[in-house]
Amino acid sequence: MILTVLNILGFEKIIFEKIFWLFALARGFTDCFAESYKMKALIDGDLSVVSSLQTLSIVFTLIFSSYVGGDSYVLSQFVGVTILVIGNFVILLNPSAKFTKESIIYSLISCLFFGLNHTFDRMCALLSTPVYSAFAVNLVSLALLAPLVLIKRNNLIQVSANYKVFFGRGFFESLQMSFKMFALQGLQTVEYSAISRISLFLNLLTGRFMFKELGFMRRFLGISLIVCGLLLILFKPKL
(Lines give C-alpha, C1' and ligand atoms only; values in the text may rest on other atoms or scores of the structure.)
Protein backbone atom coordinates (compact mmCIF):
# COMPACT_ATOMS: atom_id res chain seq x y z
CA MET A 1 0.00 0.00 0.00
CA ILE A 2 2.81 2.43 0.94
CA LEU A 3 4.66 1.47 -2.23
CA THR A 4 1.56 2.20 -4.35
CA VAL A 5 1.14 5.66 -2.79
CA LEU A 6 4.84 6.48 -3.28
CA ASN A 7 4.62 5.30 -6.89
CA ILE A 8 1.60 7.56 -7.57
CA LEU A 9 3.44 10.50 -5.99
CA GLY A 10 6.44 9.81 -8.21
CA PHE A 11 8.91 8.88 -5.46
CA GLU A 12 9.12 5.19 -6.37
CA LYS A 13 9.38 3.41 -9.71
CA ILE A 14 7.96 -0.07 -10.30
CA ILE A 15 10.01 -2.01 -12.84
CA PHE A 16 9.79 -5.51 -14.28
CA GLU A 17 13.22 -5.82 -15.87
CA LYS A 18 14.52 -9.38 -15.97
CA ILE A 19 17.99 -8.52 -14.65
CA PHE A 20 16.50 -6.81 -11.58
CA TRP A 21 14.37 -9.81 -10.66
CA LEU A 22 17.28 -12.19 -11.25
CA PHE A 23 19.31 -10.25 -8.68
CA ALA A 24 16.29 -10.17 -6.33
CA LEU A 25 15.90 -13.95 -6.70
CA ALA A 26 19.60 -14.54 -6.05
CA ARG A 27 19.38 -12.26 -3.04
CA GLY A 28 16.39 -14.18 -1.68
CA PHE A 29 18.21 -17.51 -1.90
CA THR A 30 21.39 -16.19 -0.26
CA ASP A 31 19.39 -14.47 2.49
CA CYS A 32 17.61 -17.70 3.43
CA PHE A 33 20.89 -19.60 3.72
CA ALA A 34 22.70 -16.75 5.51
CA GLU A 35 20.05 -16.36 8.21
CA SER A 36 19.60 -20.13 8.65
CA TYR A 37 23.30 -20.77 9.25
CA LYS A 38 23.56 -17.72 11.51
CA MET A 39 20.78 -19.11 13.72
CA LYS A 40 22.49 -22.52 13.80
CA ALA A 41 25.71 -20.83 14.93
CA LEU A 42 23.89 -18.98 17.73
CA ILE A 43 22.60 -22.28 19.13
CA ASP A 44 26.14 -23.48 19.93
CA GLY A 45 28.01 -20.19 20.40
CA ASP A 46 27.97 -17.06 22.57
CA LEU A 47 26.23 -14.00 21.14
CA SER A 48 29.36 -11.81 21.18
CA VAL A 49 31.48 -14.56 19.56
CA VAL A 50 29.02 -15.24 16.74
CA SER A 51 28.41 -11.50 16.23
CA SER A 52 32.14 -10.83 15.91
CA LEU A 53 32.55 -13.73 13.50
CA GLN A 54 29.76 -12.25 11.39
CA THR A 55 32.03 -9.28 10.62
CA LEU A 56 34.07 -11.67 8.46
CA SER A 57 31.24 -11.35 5.93
CA ILE A 58 32.99 -8.09 4.97
CA VAL A 59 35.88 -10.16 3.59
CA PHE A 60 33.49 -11.97 1.26
CA THR A 61 31.61 -8.74 0.53
CA LEU A 62 34.84 -7.07 -0.57
CA ILE A 63 35.60 -9.96 -2.93
CA PHE A 64 32.11 -10.38 -4.40
CA SER A 65 31.34 -6.67 -4.73
CA SER A 66 34.59 -6.21 -6.67
CA TYR A 67 33.77 -8.88 -9.22
CA VAL A 68 29.96 -8.68 -9.35
CA GLY A 69 29.24 -5.07 -8.36
CA GLY A 70 32.30 -3.41 -9.89
CA ASP A 71 33.30 -1.62 -6.64
CA SER A 72 36.94 -0.58 -6.26
CA TYR A 73 38.85 -0.30 -2.98
CA VAL A 74 41.98 1.37 -1.59
CA LEU A 75 44.89 0.05 0.50
CA SER A 76 43.53 1.29 3.86
CA GLN A 77 40.38 -0.79 3.36
CA PHE A 78 42.42 -3.96 2.85
CA VAL A 79 44.41 -3.07 6.00
CA GLY A 80 41.10 -2.62 7.81
CA VAL A 81 39.98 -6.09 6.73
CA THR A 82 43.28 -7.55 8.05
CA ILE A 83 42.82 -5.87 11.46
CA LEU A 84 39.23 -7.11 11.51
CA VAL A 85 40.39 -10.70 11.01
CA ILE A 86 42.99 -10.32 13.80
CA GLY A 87 40.29 -9.02 16.15
CA ASN A 88 38.24 -12.14 15.48
CA PHE A 89 41.18 -14.38 16.32
CA VAL A 90 41.68 -12.52 19.62
CA ILE A 91 38.08 -13.34 20.55
CA LEU A 92 38.31 -16.97 19.45
CA LEU A 93 41.49 -17.52 21.51
CA ASN A 94 39.51 -16.65 24.64
CA PRO A 95 39.35 -19.88 26.73
CA SER A 96 36.16 -18.72 28.47
CA ALA A 97 34.26 -18.09 25.23
CA LYS A 98 31.53 -20.58 24.46
CA PHE A 99 31.65 -21.89 20.90
CA THR A 100 32.00 -25.19 19.08
CA LYS A 101 33.66 -26.22 15.86
CA GLU A 102 30.20 -26.41 14.31
CA SER A 103 29.29 -22.86 15.40
CA ILE A 104 32.47 -21.52 13.74
CA ILE A 105 31.76 -23.44 10.52
CA TYR A 106 28.12 -22.28 10.49
CA SER A 107 29.24 -18.69 11.08
CA LEU A 108 31.72 -18.80 8.21
CA ILE A 109 29.13 -20.31 5.85
CA SER A 110 26.70 -17.61 6.96
CA CYS A 111 29.36 -14.96 6.23
CA LEU A 112 29.85 -16.33 2.73
CA PHE A 113 26.13 -16.01 1.95
CA PHE A 114 25.88 -12.59 3.64
CA GLY A 115 28.72 -11.38 1.41
CA LEU A 116 26.69 -12.41 -1.65
CA ASN A 117 23.54 -11.07 -0.03
CA HIS A 118 24.89 -7.53 0.42
CA THR A 119 26.30 -7.51 -3.11
CA PHE A 120 22.96 -8.50 -4.64
CA ASP A 121 21.19 -5.92 -2.47
CA ARG A 122 23.39 -3.19 -3.93
CA MET A 123 22.71 -4.34 -7.47
CA CYS A 124 18.96 -4.22 -6.81
CA ALA A 125 19.28 -0.77 -5.22
CA LEU A 126 21.16 0.59 -8.24
CA LEU A 127 18.65 -0.83 -10.71
CA SER A 128 15.53 0.48 -8.97
CA THR A 129 14.26 2.71 -6.14
CA PRO A 130 14.76 1.95 -2.40
CA VAL A 131 11.25 0.98 -1.26
CA TYR A 132 10.50 -1.05 -4.39
CA SER A 133 13.84 -2.86 -4.09
CA ALA A 134 13.11 -3.68 -0.43
CA PHE A 135 9.62 -4.90 -1.36
CA ALA A 136 10.97 -7.10 -4.16
CA VAL A 137 13.69 -8.84 -2.14
CA ASN A 138 11.34 -9.43 0.82
CA LEU A 139 8.68 -10.78 -1.56
CA VAL A 140 11.17 -13.28 -2.99
CA SER A 141 12.24 -14.38 0.51
CA LEU A 142 8.57 -14.82 1.47
CA ALA A 143 7.90 -16.91 -1.64
CA LEU A 144 10.87 -19.14 -0.84
CA LEU A 145 10.08 -19.63 2.86
CA ALA A 146 6.27 -19.71 2.85
CA PRO A 147 6.01 -23.34 1.62
CA LEU A 148 8.22 -24.47 4.52
CA VAL A 149 5.86 -22.78 6.97
CA LEU A 150 2.57 -23.78 5.32
CA ILE A 151 3.52 -27.45 5.04
CA LYS A 152 3.06 -27.98 8.80
CA ARG A 153 -0.20 -27.16 10.54
CA ASN A 154 1.60 -26.49 13.83
CA ASN A 155 3.57 -23.68 12.17
CA LEU A 156 0.35 -22.01 11.00
CA ILE A 157 -1.08 -22.21 14.52
CA GLN A 158 2.04 -20.58 15.97
CA VAL A 159 1.98 -17.81 13.35
CA SER A 160 -1.73 -17.15 13.98
CA ALA A 161 -1.24 -17.07 17.73
CA ASN A 162 1.65 -14.60 17.47
CA TYR A 163 0.55 -12.60 14.45
CA LYS A 164 1.17 -9.27 16.21
CA VAL A 165 4.80 -10.16 16.83
CA PHE A 166 5.30 -11.31 13.24
CA PHE A 167 3.55 -8.21 11.89
CA GLY A 168 5.76 -5.95 13.99
CA ARG A 169 8.89 -7.85 12.93
CA GLY A 170 7.83 -7.63 9.29
CA PHE A 171 7.12 -3.91 9.54
CA PHE A 172 10.52 -3.08 11.00
CA GLU A 173 12.26 -5.47 8.59
CA SER A 174 10.64 -3.64 5.65
CA LEU A 175 11.64 -0.28 7.14
CA GLN A 176 15.21 -1.44 7.72
CA MET A 177 15.47 -2.85 4.19
CA SER A 178 14.16 0.38 2.66
CA PHE A 179 16.78 2.44 4.51
CA LYS A 180 19.43 -0.13 3.58
CA MET A 181 18.55 0.14 -0.11
CA PHE A 182 18.61 3.93 0.11
CA ALA A 183 22.07 3.80 1.73
CA LEU A 184 23.41 1.35 -0.87
CA GLN A 185 22.60 3.79 -3.65
CA GLY A 186 25.28 6.11 -2.29
CA LEU A 187 27.67 3.82 -0.40
CA GLN A 188 29.92 1.00 -1.54
CA THR A 189 28.72 -2.39 -0.39
CA VAL A 190 31.64 -2.87 2.00
CA GLU A 191 31.15 0.65 3.45
CA TYR A 192 27.55 -0.15 4.33
CA SER A 193 28.64 -3.46 5.86
CA ALA A 194 31.20 -1.62 8.00
CA ILE A 195 28.62 0.86 9.31
CA SER A 196 26.15 -1.88 10.15
CA ARG A 197 28.76 -3.79 12.19
CA ILE A 198 29.83 -0.95 14.49
CA SER A 199 26.97 -2.03 16.78
CA LEU A 200 29.24 -4.86 17.97
CA PHE A 201 29.81 -3.10 21.29
CA LEU A 202 26.08 -3.35 21.96
CA ASN A 203 26.24 -7.10 21.39
CA LEU A 204 29.26 -7.30 23.72
CA LEU A 205 27.36 -5.54 26.52
CA THR A 206 24.23 -7.63 25.88
CA GLY A 207 26.24 -10.85 26.11
CA ARG A 208 27.98 -9.67 29.30
CA PHE A 209 25.01 -8.40 31.30
CA MET A 210 22.04 -10.35 29.89
CA PHE A 211 23.62 -13.74 29.15
CA LYS A 212 26.46 -13.57 31.74
CA GLU A 213 29.16 -14.35 29.17
CA LEU A 214 32.71 -14.49 30.60
CA GLY A 215 36.03 -13.13 29.31
CA PHE A 216 34.77 -9.56 28.92
CA MET A 217 38.18 -7.82 28.63
CA ARG A 218 39.55 -10.12 25.93
CA ARG A 219 36.32 -9.76 23.95
CA PHE A 220 36.48 -6.00 24.46
CA LEU A 221 40.03 -5.97 23.02
CA GLY A 222 39.00 -8.15 20.08
CA ILE A 223 35.92 -6.08 19.28
CA SER A 224 37.95 -2.85 19.63
CA LEU A 225 40.33 -4.16 16.95
CA ILE A 226 37.35 -5.12 14.78
CA VAL A 227 35.83 -1.64 15.10
CA CYS A 228 39.22 -0.03 14.25
CA GLY A 229 39.28 -2.18 11.12
CA LEU A 230 35.71 -1.17 10.29
CA LEU A 231 36.59 2.53 10.66
CA LEU A 232 39.54 2.12 8.25
CA ILE A 233 37.22 0.44 5.75
CA LEU A 234 34.64 3.20 6.15
CA PHE A 235 36.78 6.37 6.11
CA LYS A 236 39.56 5.15 3.76
CA PRO A 237 42.49 7.25 5.09
CA LYS A 238 45.55 7.49 2.87
CA LEU A 239 48.36 5.13 3.93
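Here are some short exercises, each with a worked solution, on the predicted model shown above.

**Exercise 1. Getting an overview**

Find out which kinds of elements the protein chain has, and how its residues and surface are made up.

*Solution.* Start with the elements: the protein chain has twelve helices and zero strands. Reading from the N terminus, you therefore meet α-α-α-α-α-α-α-α-α-α-α-α. Next, look at burial: 42% of the 239 residues count as buried. Then turn to the outside, where the accessible surface comes to about 13,100 Å² and 73% of that belongs to carbon and sulfur atoms. Last, consider contacts between residues at least 6 apart in sequence: 85% of these join residues at least 24 apart.

**Exercise 2. Checking a helix**

Compare the expected span of helix α9 with the distance between its end C-alpha atoms.

*Solution.* Helix α9 takes in residues 163-184, which makes 22 residues. The expected span is 1.5 Å times one less than the number of residues, so for α9 the expectation is 32 Å. In the model the end C-alpha atoms are 31 Å apart, and this agrees with the expectation.

**Exercise 3. Two sides of α9**

Work out which residues of α9 are buried, what covers them, and where a nonpolar patch is found.

*Solution.* First, the buried residues of α9 include M177, S178, K180, M181, A183 and L184. Second, the cover over the buried residues of α9 includes α2 (18-44), α6 (101-127), α7 (130-150) and α10 (189-197). Third, look at the surface: F167, F171, F172, L175 and F179 form a nonpolar patch there, with about 600 Å² of accessible area together. Take one member as an example. L175 is placed in helix α9, and its relative accessible area of 38% makes L175 partly exposed.

**Exercise 4. Neighbours in space**

N138 and S174 are 36 residues apart in sequence; how many Å separate them in space, C-alpha to C-alpha?

*Solution.* Begin by placing N138, which is in helix α7. The C-alpha atoms of N138 and S174 are 7.6 Å apart. Now check the contacts of N138, leaving aside neighbours within four places in sequence: they are E173, S174 and M177.

**Exercise 5. Two residues to classify**

Are T61 and S133 buried or exposed, and what do they touch?

*Solution.* Take T61 first, in helix α4 (residues 57-67). Buried means under 20% relative accessible area. T61 has 0%, so T61 is buried. Beyond neighbours within four places in sequence, the contacts of T61 are Y73, F114, G115, H118, T119, T189, V190 and S193.

Now take S133, in helix α7. Its relative accessibility is also 0%, so S133 counts as buried. A polar atom of the S133 side chain lies 3.2 Å from the backbone oxygen of C124. The backbone oxygen of T129 is 2.8 Å from a polar atom of that side chain. Leaving aside neighbours within four places in sequence, S133 is in contact with F20, C124, A125, S128 and M181.

**Exercise 6. Following the salt bridges**

How many salt bridges does a search of the whole structure find, and which parts of the chain do D121–R27, R122–D71 and E191–K236 connect?

*Solution.* The search finds five salt bridges. Let us walk through three pairs.

Step one: the side chains of D121 and R27 meet in a salt bridge, at 2.7 Å from N to O. This pair links distant parts of the chain, with D121 in helix α6 and R27 in helix α2, 94 residues apart. Both D121 and R27 are buried.

Step two: R122 forms a salt bridge with D71, and their closest N and O atoms are 3.4 Å apart. R122 is in helix α6 and D71 is in the loop between α4 and α5 (75-92), so the pair ties together parts 51 residues apart in sequence. Both R122 and D71 are buried.

Step three: E191 and K236 form a salt bridge with closest N and O atoms 2.8 Å apart. Because E191 lies in helix α10 and K236 in the segment after α12 (216-235), parts 45 residues apart in sequence are tied together. E191 is buried, at 7% relative accessible area, whereas K236 is partly exposed at 33%.

Final step: salt bridges that share partners join R27, D31, D121 and K180 into one network.

Conventions:
Residues numbered from 1 in each chain as written. Predicted model: local features only at pLDDT ≥ 70, side-chain atom pairs only at ≥ 80, totals over all residues. Heavy atoms only, no water. Helix = DSSP H or I, 4+ residues; strand = E, 2+ residues; numbered from the N terminus. Buried < 20%, exposed > 50% of the residue type's maximum accessible area, 1.4 Å probe, protein only. Contact = heavy atoms within 4.5 Å. Polar contact = N/O pair within 3.5 Å; in protein donor to acceptor, adjacent residues only side chain to side chain. Patch = residues over 30% accessible without salt bridge, like charges linked within 9 Å, V, L, I, M, F, W, Y side chains within 5 Å. Areas by Shrake-Rupley, 256 points an atom, 1.4 Å probe, with all protein chains shown as cover. Salt bridge = Lys/Arg side-chain N within 4 Å of Asp/Glu carboxyl O.
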